[in-house]
Amino acid sequence: MSDIEQFPAGARVGVLTAQPLDRILTYRAPEGGCVQGDYVEVPLGPRKVLGVVWGPGEGGFDASKLRAVIRVLDVAPMRSEMAEFLTRVGDYTLTPMAQMLRLATRAPGLSDPPSMRKVLKASGHRPNRLTDARAKVMDVLMDHPGVCFTQKELGDLAGVSGSVVKGLVKLGAIREEDTPRDMPYPRLDPSLPGKELTEDQAVAAKQLTDGVRSGRYGTTLLRGVTGAGKTEVYLEAVAACLRKGRQALVLLPEIALTAEFLKRVEERFGARPAEWHSGVTMTERRRCWRMVGQGEAQLVVGARSALYLPFRDLGLIIVDEEHDSSYKQEDGVLYSARDMAVMRASICDAQVVLASATPSLETWANCEAGKYKRIELTSRYGPAVMPEMRAIDMRQEDLPAQSWISPTLKAAVRLRIARGEQSLLFINRRGYAPVTICRACGHQIGCDHCDARMVEHRFQKRLVCHQCGETKPMPDACPECEVEGKLAPVGPGVERLAEEVTAAFPDARIAVLSSDLFGSARALKEQIELIAEGGADIIIGTQLVAKGHNFPKLTLVGVIDADLGLQGSDLRAAERTFQLIRQVAGRAGRAETPGVALLQTFQPEHPVIRAILAGKEEQFWKAEASERQAAGVPPYGRLAGIVLSSPDIQAVFDLGAEMARRSEPLHQIGAQLFGPAPAPIARVRGRHRVRLLVKAEKTAPIQAALKRWLAQFPIKGDMRVSVDIDPQSFY
């Protein structure tokens with residue numbers, strides 16, 4: 001889309017649909033006409049499908065044979081800047097435009113006409129005596145304050161029948177109201193006072209607000225040590241954006257962080273913002289999508305896909321914890337939300353704030369090159385100071401078999417319990433044990449559908465495949481040799497660590513934080529709040545605990561296996577290990593009592609471990625950048641991962657070999673092609689996987705070359721080809 005065009009009734013219009021087609025379809029404009037960007041309903045075969053008027057239709061054939069647009073939907077038209085954003089993301093990631101439109105219209109019922117509906121909300125009255133089923137409904141209402149539900153949504157969320165919900169309506173615990181289907185959000189008040197800022201916070205906030213007030217594009221790294229108050233600083237930028245009458249978007253890496261953040265926003269601006277993530281109801285998703293397009297949602301807090309909402313006037317994007325790997329979409333459209341946020345802001349003259357204590361090397365390199373500004377917060381807020389970092393050399397520790405907590409770390413935990421302080425033991429492995437082996441025949445239990453070992457989850461008494469989600473009961477006998485009583489766990493996971501802690505500290509209150517142990521976001525939120533209030537002596541957690549949580553009484557962090565992330569051939573292994581350990585260590589000493597972080601390691605002399613202990617972050621980034629530059633890999637070179645998959649193992653290897661033979665379009669731009677080779681996990685969900693890797697100079701036109709190369713190979717049947725520009729994982 002360029003200049004907005006209007007089309008009178010009967011004119012030819014080109015409509016982009018979200019159906020898997022490789023072209024724009026031509027229709028006749030409906031009675032009353034339409035304009036470029038209108039969302040429309042069009043006939044496609046026997047179906048009615050959603051589309052967008054993309055421009056004029058094709059000529060050269062009989063107009064009387066064209067089918068007419070059924071109707072224009074009652075939603076805000078797609079703005080030209082949004083169309084440009086989708087086109088550019090599609091070009092960058094080599095994604096068909098139909099798939100991009102599907103990503104941008106992930107809200108149910110967009111074609112429903114405006115109407116009234118019956119909704120349910122809490123009345124404020126809680127009956128004295130509740131059945132278990134009714135208590136579940138009331139818990140859902142408490143977890144979503146002020147939110148309206150349909151009867152079905154409320155019943156589904158609580159896992160109860162509609163009659164249970166109706167019973168609570170009769171008791172007066174739930175109020176039934178007639179309301180328009182999609183209501184504007186409460187207005188946020190940017191004039192309300194924020195928290196008092198320190199001198200360096202105030203300087204940082206002024207720099208960010210000046211950028212927002214300029215009305216021009218710019219990207220800034222807001223780097224601050226853990227506990228420095230980055231959130232309060234960038235909320236001042238949000239306030240400046242709202243004062244200008246523009247919309248703001250805050251991206252968070254985890255749903256678990258959303259509840260605490262929403263509370264802070266409500267305290268700062270007097271109302272809750274719009275939410276967009278997998279934890280909100282379908283009704284709320286449609287409301288958010290519509291209100292964002294009409295400008296009736298000033299601030300959206302969401303996951304990475306919130307970037308594709310139809311903002312009317314987006315002035316600010318915050319990417320909190322910008323280094324987090326969850327910002328990379330690994331299926332469907334393969335994109336980095338951090339990088340696409342910068343792209344979107346450049347199109348609509350918005351500011352981007354990338355906030356992190358441990359920025360990604362890509363962001364660090366862009367600051368060094370002068371593309372991004374950089375603001376530093378070097379000290380913690382208030383009396384808190386950064387924790388002391390020390391290594392425990394496991395080669396010197398007398399550790400019994402089947403034990404993972406060193407005597408030195410146990411002694412440190414006992415000291416904290418005696419003082420009434422909290423300790424956190426961190427291991428980045430879910431479940432009880434990563435491998436289950438038969439001591440009779442040596443068989444390791446694997447997934448039936450993937451080339452991956454199944455992980456024992458003892459709390460659930462099941463084996464789980466972390467690739468496809470397949471689960472099965474823990475067997476008594478080996479599935480290979482059928483000998484009973486010989487299956488043994490190998491290695492620790494968070495559940496096994498909890499077992500050891502319970503035995504070592506029988507009187508301690510223990511809390512385990514792992515994403516697969518909580519059935520709902522509410523249950524996880526309650527556990528985090530309980531810990532923050534001092535309801536646990538020892539916290540055992542996976543990387544979930546490394547992200548933004550504030551536990552005031554936590555003064556000791558013990559990293560059980562600091563060497564875990566240093567293994568393997570991932571080019572980002574050192575960077576990710578550095579970030580994760582620095583982040584988790586930063587949970588200690590966030591209040592007045594100083595904290596200590598102890599790293600159990602068999603490699604205390606490893607450069608990454610030494611950099612973590614010394615706190616020489618700039619030195620680490622420079623050394624890491626130098627290595628990447630010498631190797632010509634991101635952010636100093638280009639990579640593209642191509643994965644072929646099919647149920648037929650011979651077919652994927654044959655296609656991979658053919659692609660390698662006909663790689664001239666890649667060689668023309670000086671690119672190198674590696675592979676084909678079996679992917680590290682060579683079978684997932686019953687599909688055999690072969691990987692190729694393309695490496696090119698940073699300035700090489702890699703997308704155009706990939707398009708020419710891939711166009712030589714028509715993909716048929718069950719074969720799938722996925723292209724990942726700038727891959728983050730190589731499994």
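This is a short presentation on selected local features of one structure, from its aromatic rings to its backbone.

Good morning, colleagues. Please keep in mind throughout that the model is predicted.

I begin with the aromatic rings. A pair of aromatic rings is described by the distance of the centres and the angle of the planes. The count of aromatic pairs in this model comes to eight. One of these is formed by Tyr-234 and Phe-261, with 6.3 Å from centre to centre and 35° between the planes, a geometry classed as tilted. What does this pair tie together? Tyr-234 belongs to helix H7, residues 230–243, and Phe-261 to helix H8, residues 258–269, so the contact joins parts that are 27 residues apart in sequence. As for burial, Tyr-234 has 0% relative accessibility and therefore counts as buried. Phe-261, at 5% relative accessibility, counts as buried too.

A further pair involves Phe-620 and Trp-621. Here the centres are 5.2 Å apart and the planes make an angle of 65°, which is edge-to-face. Both Phe-620 and Trp-621 are buried. There is also a cluster, in which ring pairs link Phe-85, Tyr-308 and Tyr-335.

Rings in this model also meet charged groups. Arg-285 places its charged end over the ring of Trp-276, at 4.2 Å from the ring centre. In the case of Arg-458, the charged end sits over the ring of Tyr-432, and the distance to the centre is 3.8 Å.

I turn now to the cysteines. A disulfide is a covalent bond between the sulfur atoms of two cysteines. How many disulfides does the model contain? The count is zero. Cys-465 offers an instructive case: the closest cysteine sulfur to its own is that of Cys-447, at 3.8 Å. The cut-off for a disulfide is 2.5 Å between the sulfur atoms, so the separation of 3.8 Å is too far for a bond. Cys-465 is itself buried, with a relative accessible area of 1%. Cys-34 is likewise buried, its relative accessible area being 5%.

The next topic is internal space. Rolling a probe the size of a water molecule over the atoms shows where empty space is left. Searching the whole structure yields one cavity of 30 Å³ or more. The largest cavity holds about 40 Å³ of space. Which residues line the largest cavity? They are Ala-76, Pro-77, Met-78, Arg-79, Met-82, Gly-293, Pro-310 and Phe-311. By character, this lining divides into six nonpolar residues, one polar and one charged.

Let me continue with the backbone, beginning with cis peptide bonds. The bond from Pro-634 to Pro-635 is cis, and its omega is near 5°. Pro-635 is placed in the loop between helix H17, residues 617–631, and strand S28, residues 637–646. A cis bond also leads from Gly-675 to Pro-676, with omega near 10°. Pro-676 is found within strand S29, residues 672–684.

Positive phi values are the next item. Gln-402 is not a glycine, yet its phi is positive, at about 60°. Its location is the loop between strand S17, 388–393, and helix H12, 407–419. Is Gln-402 buried or exposed? With 54% relative accessibility, Gln-402 counts as exposed. Arg-685, also not a glycine, has a positive phi of about 55°. Arg-685 occupies the loop between S29 and strand S30, the latter covering 687–697. At 54% relative accessibility, Arg-685 counts as exposed.

I close with two strand residues and their separations from other positions. Ile-538 lies in strand S25, residues 538–541, and with 0% relative accessibility it counts as buried. Between the C-alpha atoms of Ile-538 and Leu-554 there are 9.1 Å, while the two residues are 16 apart along the chain. Ser-645 lies in strand S28. The threshold for burial is under 20% relative accessible area, so Ser-645, at 11%, counts as buried. How far apart are Ser-645 and Ala-682 in sequence and in space? They are 37 residues apart in sequence, and their C-alpha atoms are 9.2 Å apart.

To recapitulate two counts from this predicted model: there are eight aromatic pairs and zero disulfides. Thank you for your attention.

Note on methods
Residues are numbered from 1 along each chain as its sequence is written. This is a predicted model: local features need pLDDT of at least 70, side-chain atom pairs count only at pLDDT 80 or more; totals for chains, interfaces and linings use all residues. Side-chain values use heavy atoms; hydrogens and water are left out. Rings of Phe, Tyr and Trp (its six-membered ring) pair if their centres lie within 6.5 Å; planes under 30 degrees apart count as stacked, over 60 as edge-to-face and the rest as tilted. Helices (H or I, at least four residues) and strands (E, at least two) are DSSP runs, numbered from the N terminus. Buried means under 20% relative accessible area, exposed over 50%, partly exposed in between (1.4 Å probe, protein chains only). A charge sits over a ring if NZ of Lys or CZ of Arg is within 6 Å of the ring centre and within 35 degrees of the ring normal. On a 1 Å grid over the protein atoms alone, a cavity is a set of points where a 1.4 Å probe fits but cannot get out, and a pocket is an open set with protein on both sides within 12 Å along at least five of seven lines; lining residues have an atom within 4 Å of a point. Grid points are joined across faces, edges and corners, and a volume is the space filled by probe spheres set on the points. Ala, Val, Leu, Ile, Met, Phe, Trp, Tyr, Cys and Pro count as nonpolar, Asp, Glu, Lys and Arg as charged, and the others, Gly among them, as polar.
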